[in-house]
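Visitor: Before we look at particular places, I would like each descriptive word to be justified as we go. Could you take me through the reasoning behind the terms?

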Amino acid sequence: MIAMEHMEALNREALPSISLITGDDLGYYSQLKEAFLRQIGYDAADLSTAYFDLSVTPYSEAALDLESLSFFADDKVVILDHFLDLTTTKKSYLSEKELKQFESYVANPVATTRLVIFAPGKLDGRSRLVKRLKRDAHLFEAHPLKEQELRAYIQNDVKARGLHFESSALETLLIKSNFDFSDCLKNIAFLETYQKRGTISIADIQEAIPKTLQDNIFDLTKLILKRDIDAVRDLVRDLRLQGEDDIKLTAIILGQFRLLLQVQLLTKQGKHQTQIVQELSDYLGKQINPYQVKYALRDSHSLSLPFLQNALVTLIEADYQMKQGLFDKDYLFDIALLKMIKTHTSKASY
């Protein structure tokens with residue numbers, strides 16, 4: 001069972017002594033935080049609940065409330081938000097003395113107090129305090145879901161809303177949401193408004209959910225690979241009318257083609273999807289979306305290595321010339337796309 005499903009069974013009366021809501025998938029974390037506050041019926045005006053944002057409030061103020069007995073009710077809830085000292089984030093709001101004071105509380109919590117900790121980011125596994133919290137607190141952790149977990153949750157969530165997916169519509173929604181848990185839930189909310197009850201079709205998804213810049217760039221890349229010059233020209237014109245800058249468009253397309261090339265090179269070395277995700281994450285210094293790699297593996301299969309190399313060189317040159325102001329940006333961008341269309345040839349030709 002994923003963290004969100006555990007969260008949905010929670011209520012104010014059954015709150016554990018200490019709850020820790022955390023995670024490095026920040027979109028999912030935001031959904032967990034929102035769900036937690038909703039499940040416990042959080043109300044800022046409730047005198048039996050105390051909220052402290054540690055990024056703006058000194059811990060000493062929170063400690064007074066945390067360590068005292070409940071006055072307005074049989075028990076109370078104390079919320080410590082933005083407790084970044086527990087994470088690998090390079091930010092600290094508590095002094096060493098305050099951290100030891102807090103650790104002492106965790107070791108011996110007040111029986112009538114329900115402590116809730118919100119700590120966005122990756123927990124610092126080397127910290128003694130974090131190790132104690134992992135042992136003693138009820139942990140709700142927002143990690144990127146496995147594809148099977150994501151599909152199952154979305155199916156159940158849509159069913160609970162009185163809706164169901166037409167064949168292939170779920171796949172379309174997942175791709176549209178970049179397999180991101182938070183974006184999936186936001187897009188389902190759009191669809192629920194658009195299609196009150198009944199079947200969600202691919203057409204519903206395309207009409208109800210606004211296209212993002214990433215969607216348009218993905219479409220542009222497909223049109224380049226199809227060598228559809230007229231459609232490429234029309235889409236580029238639309239993007240410019242929307243105020244998109246040619247340097248920004250070049251950078252995003254460059255990122256897509258760089259990923260296609262990296263995936264193909266690693267595949268030639270015998271790496272499988274999980275290894276590719278790990279190597280690229282280590283190389284980039286950030287966690288790469290596994291689904292980006294999954295679809296890059298699919299899309300790069302029919303592309304030749306020379307084409308991908310030439311495409312990168314063309315885009316890098318265009319980016320450099322734009323930033324140097326050698327020619328008009330729109331002219332350089334159009335020329336780069338035409339060069340890519342002209343040189344595109346499938347692997348089979350090499």
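Guide: A residue is called buried when its relative accessible area is under 20%. The model in front of you is a predicted one, and in it both F36 and F118 meet that criterion and count as buried.

Visitor: How many of the residues in the protein chain count as buried?

Guide: By that cut-off, 45% of the 350 residues of the protein chain are buried.

Visitor: What makes strand β1 largely enclosed by the rest of the structure?

Guide: Strand β1 covers residues 18–23, and 6 of its 6 residues are buried, so the strand is largely enclosed by the rest of the structure. In a regular strand, side chains alternate between the two faces of the sheet. For β1 both faces are covered, since I18, L20 and T22 on one side and S19, I21 and G23 on the other are all buried.

Visitor: Which strands pair with β1, and in which sense?

Guide: Two strands pair if at least two bridges are found between them. With strand β4 (residues 113–120), β1 pairs in the parallel sense over 6 bridges, and I21 stands opposite F118 there. With strand β5 (residues 138–141), β1 pairs in the parallel sense over 4 bridges, where H138 is the bridge partner of S19.

Visitor: How many aromatic pairs are there in the whole structure, and why is the one between F36 and F118 called edge-to-face?

Guide: The search of the whole structure finds 10 aromatic pairs. For F36 and F118 the ring centres are 6.0 Å apart and the angle between the planes is 90 degrees; rings pair if their centres lie within 6.5 Å, and planes over 60 degrees apart count as edge-to-face, so both conditions are met. This pair links distant parts of the chain, with F36 in helix α2 (residues 26–39) and F118 in strand β4, 82 residues apart.

Visitor: Why, then, is the pair of Y153 and F181 called tilted?

Guide: The centres of the rings of Y153 and F181 are 5.2 Å apart and their planes are at 50 degrees, which lies neither under 30 nor over 60 degrees, so the pair is tilted. Y153 belongs to helix α6 (residues 147–160) and F181 to helix α8 (residues 181–194), so the pair ties together parts that are 28 residues apart in sequence. Both Y153 and F181 are buried.

Visitor: Which residues do ring pairs link into a cluster with Y153?

Guide: Ring pairs link Y153 into a cluster with Y28 and F181.

Methods: Residues numbered from 1 in each chain as written. Predicted model: local features only at pLDDT ≥ 70, side-chain atom pairs only at ≥ 80, totals over all residues. Heavy atoms only, no water. Buried < 20%, exposed > 50% of the residue type's maximum accessible area, 1.4 Å probe, protein only. Helix = DSSP H or I, 4+ residues; strand = E, 2+ residues; numbered from the N terminus.
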